[in-house]
Structure formats: C-alpha cells, structure tokens
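Got your viewer open? Let's take a short walk, one selection at a time.

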Amino acid sequence: MLVLITYDINTQTPLGRKRLRQVAKQCVNYGQRVQNSVFECVLDAAKCREVQHTLEKIIDKDKDSLRFYYLGNNYKGKVVHIGAKESFDVEDTLII
C-alpha cells in the first residue's frame, strides 16, 4: 500500500536539527522524498509498523509531529502531481 509520511520537526535547537536529519535518513530507507518533509513509501503492514516505531523513537513528541496517510493499493488515481520534481513509479523496475 502507498503510505505518505510527513513530519514537522522543531529545529530551533541543535538536538532538533539532529532529530530532523535522523528522521529524514530513516524515511529515505523506506521510500522516496517528494517534498522536503514528505515521503511516498510503498509498504506492507509490517514495514509500516516498523517505520512508525523507528520514527517514534527519534522524535520528541512534545515538540515534533509525524503523520501517516494510508492511500492503499489503488493509489495511482488518487495522486496528482503538478510542477517540478516529477517522481518515478516506486513499483516499477529501477535500473541503476
């Protein structure tokens, strides 16, 4: 299923900036960045719980926030992109 992960990390302190880097680094492991604090991830239920648990351990719940939007398996008609940074199909074959 396609899961949109968004986050807002308070970066007013060095620890906040460190948390921001850690959250972004973890999200890259699970999907593609589509905007600064937004990642599209194709995950099964177990991976989704895994990433949620991983990110919850990093953030400060009093200062930061995470959002998970579950778009399901039939997401292609639900996502409209306009503008720069065209993304690639995360379920298509990737040739490196």
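## First stop: a helix with a hidden side

Select C48, V51, T54, L55 and I58: these are the buried residues of helix α2. Keep in mind that you are looking at a predicted model. Now turn the view until you look down the axis of α2. The buried residues fall within an arc of 130 degrees, so they line one face of the helix. The spacing helps here: an α-helix has 3.6 residues a turn, so residues three or four places apart point the same way.

Next, colour the whole of α2, residues 45-58. Its 14 residues reach 20 Å from the first C-alpha to the last, close to the 20 Å expected at 1.5 Å a residue.

What lies over the buried residues? Show β1, α1 (14-28) and β4 (65-72), which are among the elements covering them. Then swing round to the face of α2 turned away from its buried side and pick R49 and K57, both exposed.

Before leaving the helix, go to its N-terminal end and select D44, which caps α2. One of the side-chain oxygens of D44 sits 3.2 Å from the backbone nitrogen of A46.

## Last stop: D8

Move over to strand β1, residues 2-8, and click on D8. Is D8 buried or exposed? D8 counts as exposed because its relative accessibility is 54%. Add D64 and S65 to the selection: D8 touches both, leaving aside residues up to four places away in sequence. Finally, the UniProt record, an unreviewed entry, has a "binding site" annotation that covers D8.

Technical notes
Residues numbered from 1 in each chain as written. Predicted model: local features only at pLDDT ≥ 70, side-chain atom pairs only at ≥ 80, totals over all residues. Heavy atoms only, no water. UniProt positions renumbered as here; feature names shortened; annotations may be inferred. Helix = DSSP H or I, 4+ residues; strand = E, 2+ residues; numbered from the N terminus. Buried < 20%, exposed > 50% of the residue type's maximum accessible area, 1.4 Å probe, protein only. Contact = heavy atoms within 4.5 Å. Expected span 1.5 Å × (residues − 1). Arc of directions from axis to C-beta. Polar contact = N/O pair within 3.5 Å; in protein donor to acceptor, adjacent residues only side chain to side chain.
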